[in-house]
Amino acid sequence: MSATDDPMHDNLAWAGQPLGGDDVLRRVEGHLTGWFGPDSGRASLTFLGTDPIEVLRFGPDSDGVVRYVTLGMAREPMTPADATVRDPAGPRAELVLSLRGRRDSAARALAVLASVPVVEGRPVVAGSGLDLGEPLWEGGRFTAVLVGEPGGLVPDVELGRGGPAGGDGEPPETAGGPAPVRFLPLLPMTANEAAYKRVHGATAMCQRWLDAGTDLRDPDRAEVDLS
């Protein structure tokens, strides 16, 4: 039985017990393998003062696309550094990098990025730019990522599924239950593209890629014209 089929996991958040981080990750992993099939490899990385972050590899699929997905970022809800208390209903997410062909050395960069909410106290949200200052994978020209909108590739994991709605019929999330785990796609950027995004914004950067017909999954793509 997978974690997503276990009725105990559906009721944990609504039976007077907090939803534990390990329970969340079991449900996330079950959701991913149900969506993509069994992983084709994984790596585990730990940074000082943080819990381990795993990176699961799925594929390549029939189009040669490999998905690298973090597992561990959603262990705790993301909380800003200036917050006085941790909100147990705060947002949770994992990161997804899609590439044509394997670039397994990207696992370290993904783990670093997934640790940002804990290490820097900075929630990772769609539209934000994250800059490593070094290649995302060995030999790559990309040093940063633009965080895309969730929902287009992998559906959310609803942690409050099976719980009661609020008094006005609102879904469990708005009734104070745990937020769903969302899967945020990462769009690799060169240093120049990252600088353009900082000045002009995420929408303008995406429009440049769209106008140029850029395949953002191509690990060897050229930098888009920014003139």
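Trainee: Which residue follows H6, and what is the sign of its phi?
Mentor: This is a predicted model, where local features need pLDDT of at least 70, side-chain atom pairs count only at pLDDT 80 or more, and totals for chains, interfaces and linings use all residues. Residues are numbered from 1 along each chain as its sequence is written, and side-chain values use heavy atoms, with hydrogens and water left out. Helices (H or I, at least four residues) and strands (E, at least two) are DSSP runs, numbered from the N terminus. After H6 comes a residue with phi near 65 degrees, so the sign is positive and the residue is Gly213.

Trainee: Good start! How wide an arc do the buried residues of H6 cover around the axis?
Mentor: Buried means under 20% relative accessible area, exposed over 50%, and partly exposed in between (1.4 Å probe, protein chains only). In helix H6 (residues 202–212), the buried residues are Ala202, Met205 and Trp209, while Thr203, Leu210 and Asp211 on the other side are exposed. Taking directions from the helix axis to the C-beta atoms, the buried residues sit on the same side of H6 because their arc is only 70 degrees.

Trainee: What covers those buried residues of H6?
Mentor: Look for contacts, meaning heavy atoms within 4.5 Å. The cover includes strand E6 (144–147), strand E7 (181–189) and helix H5 (191–200).

Trainee: What is the mean pLDDT of the protein chain?
Mentor: pLDDT is the predictor's confidence in each residue, from 0 to 100. It stays under 50 over residues 1–16, where the model has 27 contacts beyond four places in sequence. It is also below 50 over residues 161–175, with 18 contacts beyond near neighbours in sequence. Still, 84% of the chain's residues reach 70 or more, and the mean is 86.

Trainee: Which residue in E3 is the bridge partner of Val55?
Mentor: Two strands pair if DSSP finds at least two bridges between them. Strand E2 (residues 53–58) runs antiparallel to strand E1 (residues 41–45), with five bridges, and Ser44 stands opposite Glu54 in E2. E2 is also antiparallel to strand E3 (residues 65–71), again through five bridges. There, Val55 is partnered by Thr70.

Trainee: How many residues lie between E2 and E3 in their hairpin?
Mentor: In the turn, Gly59 has a positive phi of about 100 degrees. The number of residues between the two strands is six.

Trainee: How far apart in sequence are the parts that Phe36 and Phe58 tie together?
Mentor: Rings of Phe, Tyr and Trp (its six-membered ring) pair if their centres lie within 6.5 Å; planes under 30 degrees apart count as stacked, over 60 as edge-to-face and the rest as tilted. Two aromatic pairs meet this rule, and the one formed by Phe36 and Phe58 is tilted, at 5.2 Å centre to centre and 35 degrees between the planes. Because Phe36 belongs to helix H2 (residues 21–36) and Phe58 to strand E2, the parts they tie together are apart in sequence by 22 residues.

Trainee: Which element gives the most residues to the largest nonpolar core?
Mentor: A nonpolar core is a set of buried Ala, Val, Leu, Ile, Met, Phe, Trp, Tyr and Cys residues joined through side-chain atoms within 4.5 Å. Of the 28 residues here, Leu95, Leu97, Val124 and Leu186 touch the most other members. Elements giving two or more residues include strand E4 (92–100) and helix H3 (106–114). With seven residues, the top contributor is H3.
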